[in-house]
Amino acid sequence: MTEAMIVAACRTPIGTAHRGTLTETDALALAEIAVGEALRRSGLAASDIDDVHLGENYYGGGDIARHVALTLGMTTVPGLALNRHCASGLSAVATAASGIRAGMERAVIAGGTQSSSTAPVTRRRVLGTADEVEDPWFSPTHVDSPEAPNRDMTITVGWNAAVEAGLTRAQMDEWALRSHRRAVAAIDAGRFEDEIVPVKATQRDGSVVEFSRDEHPRRTTTLEKLASLKPLHPEIEGFSITAGNSSGVNDAASALTLAADDLVAERGLTPLGRVVGWSSVGVDPARTGMASVSAIPLALRRSGLTVDDVALWEINEAFASVPLAACAALGIDPERVNTSGSGCSLGHPVAASGARMLTTMVYELRRSGGGIGVASMCAGGGQGGAVVIEVPGA
């Protein structure tokens, strides 16, 4: 079978939505930067690219991938926009790899883009009326229910996972603090420099700044500060999800170029790694935060691997409860999970997060001698996904 090799991986820095540096930069512009850089780094020509797959989330329903391909001058390259909510970017990489492994495509750029700052507000007519509108309106991830509200992920994802896994407020706050410390340490050590492509970002006053460092991690946070934050649902007895042990709302884009192994050999390219396997799963919406517990074993089984074979993990911190629950359920060593931070610290640019996680994992495995890496996340509506990659040793 043809192997899907990773020949480039990059991302923009992650901005804090609505009040950060990327507030005036939309999802199309972010994607153009990430996809353009993934093409440039790959060593391939635009004419070599068979498709562009981009995850998107709540950005209006257009084909954002085709728009970006055209903007970059890739007129003959189609585009596929995917929406699997939080797992959109992860699924984009998986669909790209599947086309290559099936022998139907030789090179695909895949990733995701998110601008929560500029996401459009959707309006719809209220049923039974001629012209009244409900404003704003969001397409629901699943049928609403008391145990799984479709507009409140703090309950549906964060709290339900914490309850099922028996997690305490202290455990989740400690995980969030570690996330911030790891992210800050990675920034200070320059560990993200190889993966980040700077953005020339226009500001609200019209000035332009070069943005090149993630801005969401909090350097001064402490366990005491996290513990002082009020629960987001004080009316629910024992509720322990706070803004501090939840992910941020963010803006960013990430993209990877995947190529068939015969094309890599033909062009003399040096691959960064290969996509080994993947999975997507569905669970009851009330168990969304536990979806990685199902997705990870399935992806590993399909790849002929076990938990013990994995050198590095990225399990998205939609809430701190999510990776904590997965580690406990699957026997994963927490020290090898999110070694440079994740959603609680770096932030969660929803449709871009999966590709961002894979990008960070590629470079971290290269620094640490290679091996198997697994990126996994839950996704709205009771979904989850995982992608397994292998990075060669030095």
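Let's start with helix H9. It is mostly covered: seven of its ten residues are buried. Keep in mind that this is a predicted model. Which residues of H9 are buried? They are Ser321, Val322, Pro323, Leu324, Ala325, Ala326 and Cys327. What do they pack against? The buried residues of H9 meet H4, H5, H8, S12 and S13. Right after the helix comes Gly331. Its phi is positive, near 70°.

Now the core. The largest nonpolar core holds 44 residues. Six of them have the most contacts inside it: Ile296, Leu300, Trp313, Ile315, Ile332 and Val374. Many elements feed this core. On the helix side, H4 (153-165), H5 (169-188), H8 (291-302) and H9 (321-330) each supply at least two residues. On the strand side, S11 (273-282), S12 (310-315), S13 (371-379) and S14 (383-391) do likewise. Helix H8 gives the most, with seven residues. As general background, nonpolar side chains in soluble globular proteins tend to be buried together.

Take Leu300 as a way in. Leaving aside residues up to four places away in sequence, Leu300 touches Leu305, Thr306, Val307, Val310, Trp313, Val374 and Val388. Two of those, Trp313 and Val374, were on the list of residues with the most contacts inside the core. Another core lies apart from this one. That one has 35 residues, and Leu90, Ala94, Val362 and Leu365 are among them.

Next, empty space. Rolling a probe the size of a water molecule over the atoms shows where it is left.

The largest pocket has a volume of about 1100 Å³. Its lining counts 41 residues. Closest to the centre of that pocket are Asn57, Tyr58, Met153, Val249 and Val350. H4 and S13 each supply at least two lining residues. The largest share comes from H4, with three residues. How does the lining divide by type? There are 18 nonpolar, 20 polar and three charged residues.

The second largest pocket holds about 330 Å³ of space. It is lined by 17 residues. Nearest the centre of this second pocket lie Arg19, His216, Arg218, Ala243 and Gly244. This lining divides into six nonpolar, eight polar and three charged residues.

Then the enclosed space. How many cavities of 30 Å³ or more are there? The count comes to one. About 40 Å³ of space lies in the largest cavity. Its lining is Ala87, Leu90, Ser91, Ala94, Trp278, Ser279, Ser280, Gly385, Ala386 and Val387. Helix H3 (88-101), S11 and S14 each supply at least two of these residues. By type, six are nonpolar, four are polar and none is charged. Here is a link back: Leu90 and Ala94 line this cavity, and both belong to the core of 35 residues.

Last stop, strand S14. Gln383 lies in this strand. Which side chain does Gln383 join through a polar contact of 3.5 Å? The partner is Arg84. Beyond residues up to four places away in sequence, Gln383 touches Arg84, His85, Val281, Gly282, Thr288, Ala291 and Cys378. Strand S14 has come up before: it supplies at least two residues to the core of 44 residues, and at least two to the cavity lining.

To wrap up, back to H9. Its buried residues pack against H4, H8 and S13, among others. H4 and S13 also contribute to the lining of the largest pocket, and H8 is the element that gives the most to the largest core.

Terms used. Residues numbered from 1 in each chain as written. Predicted model: local features only at pLDDT ≥ 70, side-chain atom pairs only at ≥ 80, totals over all residues. Heavy atoms only, no water. Core = buried A, V, L, I, M, F, W, Y, C linked by side-chain atoms within 4.5 Å. Buried < 20%, exposed > 50% of the residue type's maximum accessible area, 1.4 Å probe, protein only. Helix = DSSP H or I, 4+ residues; strand = E, 2+ residues; numbered from the N terminus. Contact = heavy atoms within 4.5 Å. 1 Å grid on protein atoms, 1.4 Å probe; cavity = no way out; pocket = protein on both sides within 12 Å on 5 of 7 lines; lining within 4 Å. Points joined across faces, edges and corners; volume = space filled by probe spheres on them. Nonpolar A, V, L, I, M, F, W, Y, C, P; charged D, E, K, R; others polar. Polar contact = N/O pair within 3.5 Å; in protein donor to acceptor, adjacent residues only side chain to side chain.
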